[in-house]
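Biologist: I'm new to this one, so please pick a single part and take me through it closely. Start with how far I can trust it, and explain your terms as you go.

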Amino acid sequence: MIHTHTVLPYFPTLSFKPAFLVHCSSNMARWVRPEVYPLMAAMAFVSSMCVFQLTRNVFLNPDVRINKASRSTAVLDNADEGEKYRQHGLRKFLSTHPPEIMPSINQFFSEDK
């Protein structure tokens with residue numbers, strides 16, 4: 001029985017590892033470096049936003065009809081349901097705040113001197 005750290009007699013510099021472990025560890029060592037973590041975090045965040053929006057549209061959008069009973073009507077008169085979908089909680093919260101990211105900096109640069 002050959003252990004994973006046994007040195008082969010004819011190749012003194014090589015150690016025995018299954019090919020898939022060597023390939024996997026070299027790929028992981030190549031891509032998972034500290035410099036890649038911000039990119040991975042950004043991609044995970046954006047991917048989760050996409051999944052959230054797609055799930056929200058499939059289950060809550062009044063224009064998307066999955067079951068056969070609601071697909072039979074071509075044009076829906078559901079303005080109230082569409083308005084409720086459009087005015088979700090985040091939009092209601094943001095409508096009470098000014099549309100500025102940094103109001104103090106905006107006021108500083110917009111004042112006449």
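Modeller: Let's begin with confidence, given as pLDDT (the predictor's confidence in each residue, from 0 to 100). In this protein, confidence is lowest in helix α1, residues 19–31, with a mean of 60, and highest in α2, with 93. Helices here are DSSP runs of H or I with at least four residues, strands are E runs of at least two, and both are numbered from the N terminus. What you see is a predicted model, so local features need pLDDT of at least 70 and side-chain atom pairs count only at pLDDT 80 or more, while totals for chains, interfaces and linings use all residues. Residues are numbered from 1 along each chain as its sequence is written, and side-chain values use heavy atoms, leaving out hydrogens and water.

The protein averages a pLDDT of 75, and 65% of the residues score at least 70. It has 6 helices and 0 strands, following the pattern α-α-α-α-α-α along the sequence. Of its 113 residues, 5% count as buried; buried means under 20% relative accessible area, exposed over 50%, and partly exposed in between, with a 1.4 Å probe and protein chains only. About 10600 Å² is exposed, and carbon and sulfur atoms supply 67% of that; the areas come from the Shrake-Rupley method with a 1.4 Å probe, and for residues only the protein chains shown count as cover.

Now for the part I'd pick: α2 and the loop after it. Helix α2 covers residues 37–60, and R56 is found in it. R56 counts as buried because its relative accessibility is 16%. Leaving aside neighbours within four places in sequence, R56 is in contact with N61, Y85 and H88, where contact means heavy atoms within 4.5 Å.

Follow the chain into the loop between α2 and α3 (68–71), and you meet N61. N61 is buried too, with a relative accessible area of 17%. Apart from residues up to four places away in sequence, N61 touches R56 and Y85, so Y85 turns up on the contact lists of both R56 and N61. P62 sits in that loop as well, and at 8% relative accessibility P62 counts as buried. P62 and E83 are 21 residues apart in sequence, with their C-alpha atoms 9.7 Å apart in space.

The same stretch also has a surface side. V58 lies in helix α2 and is partly exposed, at 37% relative accessible area. Together with F59, L60, V64 and I66, V58 forms a nonpolar surface patch of about 490 Å² accessible area. Patches take residues with over 30% relative accessible area and no salt bridge, joining like charges within 9 Å and nonpolar side chains (Val, Leu, Ile, Met, Phe, Trp, Tyr) within 5 Å; a salt bridge is a side-chain nitrogen of Lys or Arg within 4 Å of a carboxyl oxygen of Asp or Glu.

So that's your close-up: R56, N61 and P62 are buried, while V58 is partly exposed.
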